[in-house]
Amino acid sequence: LMSVLLALACAETTSGADAEAVLAEIAPVLDGKLGDACWRNAAPYTEFTAWRQDTGKLDDTTFRLAYDNMWLYIGLECRNPLQKLIFSPKVIEHDGAVHTDESVEIFLDPGTDGRLYYHFFLSCFNIKAEQSVQAVPALVRNRTWDHPWRAAVQRSDMGWTAELAIPLHLIASYGDFEKVRINIIRNRLAP
């Protein structure tokens, strides 16, 4: 099983928990629904904390990890009882300020100990953005970095679910899957 070090969402420290991605013997159908076998077999991770707030653990977001020979899959369930009040996106353009909508952000360090990471954004309206970030020697964001990745979203009155597929070759080029780190952030909108 692929092991991933997780700095669970919005944690202010770099420590994280180990999480495992399960092998998806059959790739999930990217439709935003979490009914595929790989999601049933993957452990749910729910230990999110509020950034810069002492509110304890949050329980409104769950994610699961799976992989095959081409993709790292991330399945997300984002509960929000006010979802039915979010009628339209604030941002509709690719690579726009997606984080200002009800959204998630995925920070993926392919094994560089924080020197480089990829930053993926996905809104509940399936609007995407991505960038690569070189953190050493100085922070340099490349907003024009447009690497192909896939996502699908399903919305309901009580929240939304999403499936993401990130190409494994982004990780494989750095060689060591045991050093991969991922941080998942939920931007919850309260209209």
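Guide: Buried means under 20% relative accessible area, exposed over 50% and partly exposed in between (1.4 Å probe, protein chains only). This is a predicted model, in which local features need pLDDT of at least 70 and side-chain atom pairs pLDDT 80 or more, while totals for chains, interfaces and linings use all residues. Residues are numbered from 1 along each chain as its sequence is written, and side-chain values use heavy atoms, without hydrogens and water.

Visitor: How many residues of strand 12 are buried?
Guide: Strand 12 covers residues 159-167 (strands are DSSP E runs of at least two residues, helices H or I runs of at least four, numbered from the N terminus). G159, T161, E163, A165 and P167 point one way from the strand, and W160, A162, L164 and I166 the other way; all are buried. The strand is therefore largely enclosed by the rest of the structure, and its buried residues number nine of the nine.

Visitor: Which residue is the bridge partner of G75 in strand 12?
Guide: Strand 6 and strand 12 run antiparallel and are joined by nine bridges (two strands pair if DSSP finds at least two). One residue bridged to strand 12 is G75, and its partner there is E163.

Visitor: Through how many residues does the hairpin join strand 11 to strand 12?
Guide: Strand 11, residues 150-156, runs antiparallel to strand 12, with seven bridges joining them. S156 has G159 of strand 12 as its bridge partner. The hairpin that joins strand 11 to strand 12 passes through two residues.

Visitor: How many residues apart in sequence are the parts tied together by R188 and D60?
Guide: The side chains of R188 and D60 form a salt bridge, at 2.8 Å from N to O (the rule is a side-chain nitrogen of Lys or Arg within 4 Å of a carboxyl oxygen of Asp or Glu). R188 belongs to the segment after strand 13 and D60 to the loop between strand 4 (57-58) and strand 5 (61-67), so the parts they tie together are separated in sequence by 128 residues.

Visitor: Is D60 buried or exposed?
Guide: Its salt-bridge partner R188 is partly exposed, because its relative accessible area is 44%. D60 has a relative accessible area of 13%, so this residue is buried.

Visitor: Which residues are joined into one network by salt bridges that share partners?
Guide: R186 and E102 meet through their side chains in a salt bridge of 2.5 Å, N to O. R186 lies in strand 13 and E102 in the loop between strand 6 and strand 7, so this pair ties together parts 84 residues apart in sequence. Both R186 and E102 are buried. Shared salt-bridge partners make one network of D60, E102, R186 and R188.

Visitor: What is the relative accessibility of E77?
Guide: The side chain of E77 meets that of R79 in a salt bridge, with 3.3 Å from N to O. R79 counts as partly exposed because its relative accessibility is 27%. E77 also counts as partly exposed, because its relative accessibility is 29%.

Visitor: What distance separates the C-alpha atoms of Y174 and G111?
Guide: Y174 sits in the loop between helix 2 and strand 13. At 38% relative accessibility, Y174 counts as partly exposed. Along the chain Y174 and G111 are 63 residues apart, yet the separation of their C-alpha atoms is 6.1 Å.
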